[in-house]
Amino acid sequence: MPAWIVVTGVTVGYLMVSLAVGLYSGRSATKGPEGFIAGDRTLGFLILYFVMGASIFSAFAFLGGPGWAYSRGAAAFYILSYGTIGLIPWYAYAPRVAALGRRFGYVTQAELLAHRFKSRSLSAVLAVITLVAFIPYLTLQMQGAGYVFNVVTEGRVPHWLGAAIAYGVVLIYVYASGVMGVGWTNTFQGIFMMGLAWGLGLYLPFKLYGGVGAMFEELALAVPEMLAPPGLDAAGAPWSWGGYGSAIAISAIGFSIWPHYFMKIYTAKSEAVLKKTIIFYPTFQIFLLPIMFIGFAGILRYPGVTPADSILPTILMSMDLPAFVVGLFCAGALAASMSTGDALLHAAGSIMVRDFFCVLSPRKLTDDEQTRLIRFLLLIISAVAYFFAVMSNVSIVELLLLSYGFIAQIAPVLIAALYWGRATPQGVLAGLAVGCATVIAFQYNPAWQWQQIHPGIFGVLANLAVLVPVSLATAPMDEDHVAQFVVE
Amino acid sequence: MRRTPRFFSSKLSTTERRVYGAATAWFVLAAAAMLWPLYPPFARVRPLVFGMPFALFWLTLILVISFLVGVALFRWESRR
């Protein structure tokens with residue numbers, strides 16, 4: 001049997017299992033938005049652990065992670081660092097967010113913030129920022145899926161078809177099962193990609209160098225500059241500590257803020273489940289070690305591979321591995337892409353309905369109408385992302401950098417909402433506007449980026465510098481209302 | 001307005017304040033130890049530890065200790 005048939009067979013098998021798990025899991029949830037978006041607040045530890053782990057590890061982890069280690073060396077270490085601390089702020093505020101969610105019926109981030117600040121414009125602004133940040137992110141996941149399909153079938157499945165197949169499956173189970181579909185498929189996909197990363201990350205250095213230690217020993221002699229942080233920048237010149245450190249900072253800030261993760265706070269069954277998920281998160285994070293080993297394994301044995309992100313498929317295709325193993329890799333990379341894409345898609349639809357349409361609609365939408373509208377938007381959002389993924393030449397990576405900068409601007413709003421009673425709606429709105437404008441200004445003026453620091457950091461500083469004085473200069477909010485949210 | 005920004009609730013006991021304070025101190029230290037200027041002295045290739053460059057071992061060590069601190073904190077909370 002030709003190898004590509006086996007590969008395609010394994011991949012299709014994986015897609016069928018994902019679909020079956022996704023469809024089966026939605027039966028128990030109620031039909032309204034609370035069931036569709038927050039799973040009726042019943043998720044246990046295991047499923048929440050994998051939802052958080054697998055949503056965060058995207059196509060970037062499987063293709064970009066090795067690509068960074070391969071082309072930029074120790075610069076890739078930053079992806080191990082930010083997850084160590086990124087989820088910790090949740091330990092402080094997530095239990096309270098969950099309790100407020102139960103009390104007031106929130107299922108999104110903006111519902112909490114808009115209620116705290118009694119501001120419908122804040123809700124709409126946050127919804128728009130979220131959508132703008134999500135589309136490039138989702139587009140990138142689709143491109144990753146199409147790319148993997150194309151490489152492992154040796155070009156027989158074109159990019160557009162691969163992306164369409166993988167995201168057709170995602171669309172079906174998210175459409176049918178909502179967050180339960182996302183949760184249970186992520187559990188399956190998470191176990192799958194973790195197993196594969198450890199397997200490949202230990203096997204490839206062993207096969208190519210005789211072991212992880214032997215590999216680094218050889219690299220330390222040949223290219224010591226690749227192993228010492230902050231490594232190299234995108235152009236191959238030494239990276240700065242400012243660039244390296246602010247990449248960690250902006251990712252760590254984003255970790256506890258990205259609306260599609262934040263929404264998962266509301267799905268937790270109890271405070272203990274939430275806290276356990278946060279505590280055990282590093283056990284998922286550590287799978288980035290073998291991911292980086294894969295990239296390092298390519299440096300001496302496979303020089304000159306471009307683009308760097310194709311290093312893992314390149315190594316695999318050249319090694320005469322059994323077709324079955326290549327098929328597993330293909331499925332693993334798809335799992336990484338789909339487990340992020342499904343969470344993004346689900347969150348984008350939910351947020352647009354709850355925080356944009358429900359807020360601006362002149363009459364109250366019924367539960368049934370909301371769920372139907374979310375499903376309709378899932379189709380529209382997938383179509384838009386798919387259009388960018390296969391037909392447009394817009395630089396997605398640049399848009400994604402902007403996304404991170406924008407999302408980070410929500411952090412000061414959230415902290416002010418929960419920890420500073422004096423913060424006012426005028427203050428946070430002005431802070432958001434100035435923060436986002438600063439991100440754009442710095443993004444398009446690289447010369448301003450002192451020490452190669454990420455534009456998002458400058459945005460957060462400008463945001464705070466506006467939020468605080470404007471809040472102090474405007475009338476304080478009603479104390480009894482604010483006291484429901486702020487720590488005393 | 002008397003309400004001032006605070007990280008911990010004023011209703012915590014002294015013991016709670018100490019435990020949460022210690023955990024917070026660790027995570028702040030952990031973050032600092034992965035960034036300039038605390039990280040550069042340890043961001044070296046040799047010695048290789050468990051086959052990894054020292055810089056990578058250092059980050060792994062911080063990750064493992066952070067996990068253990070988290071587990072200890074959670075268990076302490078559950079016992080009460």
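These are my notebook entries on the cavities, on chain B and on a few unusual backbone positions.

**Entry 1: starting point**

I am working from a predicted model, and I kept that in mind for every value below.

**Entry 2: the largest cavity**

I searched the whole structure for enclosed space and found 2 cavities of 30 Å³ or more. I looked at the largest cavity before the other, and noted that it holds about 60 Å³ of space. I then listed its lining: from chain A come Gly83(A), Thr84(A), Leu87(A), Ile88(A), Ile278(A), Ile279(A), Tyr281(A) and Pro282(A), and from chain B come Phe27(B), Ser66(B), Phe67(B) and Gly70(B). When I asked which helices supply at least two residues each to this lining, I found α5 (78-86) and α14 (271-285) of chain A, together with α2 (54-79) of chain B. The most is given by α14(A), with 4 residues. Sorted by class, the lining of the largest cavity has 8 nonpolar and 4 polar residues, and I found no charged residue in it.

**Entry 3: the second largest cavity**

I put the volume of the second largest cavity at about 30 Å³. The residues that line it are Gln109(A), Ala110(A), Leu126(A), Ala127(A), Thr130(A), Pro259(A), Ile351(A) and Asp355(A). In chain A, α7 (109-116), α8 (120-152) and α17 (323-360) each supply at least two residues of this lining, and the largest share, 3 residues, comes from α8(A). By class I noted 5 nonpolar, 2 polar and 1 charged residue in the lining of the second largest cavity.

**Entry 4: chain B as a whole**

I turned next to chain B, whose secondary structure comes to 2 helices and 0 strands. I looked up its radius of gyration, which is 17 Å, whereas a compact globule of 80 residues would have one near 12 Å. Along the principal axes, the C-alpha atoms of chain B fill a box of roughly 50 × 35 × 15 Å. Of the 80 residues in chain B, 42% are buried. I also checked the contacts in chain B between residues at least 6 apart in sequence, and 42% of these join residues at least 24 apart. The area that chain B exposes is about 4,700 Å², and carbon and sulfur atoms supply 68% of it.

**Entry 5: cis peptide bonds**

In chain A, I noted a cis peptide bond joining Pro229(A) and Pro230(A), with omega about 5°. I placed Pro230(A) in the loop between α11 (224-227) and α12 (241-257) of chain A. In chain B, a cis peptide bond joins Arg46(B) and Pro47(B), with omega about 0°, and Pro47(B) is found in the loop between α1 (14-33) and α2 of chain B.

**Entry 6: positive phi outside glycine**

I looked up Arg41(A), which is not a glycine and yet has a positive phi, near 55°. Its place is in the loop between α2 (33-38) and α3 (45-56) of chain A. Is Arg41(A) buried or exposed? I count Arg41(A) as buried because its relative accessible area is 6%, and the cut-off for buried is under 20%.

Phe50(B) is another residue other than glycine with a positive phi, here near 50°, and I found Phe50(B) in the loop between α1 and α2 of chain B. Is Phe50(B) buried or exposed? With a relative accessible area of 71%, Phe50(B) is exposed, since that class takes values over 50%.

Note on methods: Residues are numbered from 1 along each chain as its sequence is written. Chains are lettered from A and ligands numbered from 1 in the order in which they are written. This is a predicted model: local features need pLDDT of at least 70, side-chain atom pairs count only at pLDDT 80 or more; totals for chains, interfaces and linings use all residues. Side-chain values use heavy atoms; hydrogens and water are left out. On a 1 Å grid over the protein atoms alone, a cavity is a set of points where a 1.4 Å probe fits but cannot get out, and a pocket is an open set with protein on both sides within 12 Å along at least five of seven lines; lining residues have an atom within 4 Å of a point. Grid points are joined across faces, edges and corners, and a volume is the space filled by probe spheres set on the points. Ala, Val, Leu, Ile, Met, Phe, Trp, Tyr, Cys and Pro count as nonpolar, Asp, Glu, Lys and Arg as charged, and the others, Gly among them, as polar. The radius of gyration is taken over C-alpha atoms; the globule rule is 2.2 Å times the number of residues to the power 0.38. Buried means under 20% relative accessible area, exposed over 50%, partly exposed in between (1.4 Å probe, protein chains only). Contact means heavy atoms within 4.5 Å. Accessible areas come from the Shrake-Rupley method with a 1.4 Å probe; for residues, only the protein chains shown count as cover.
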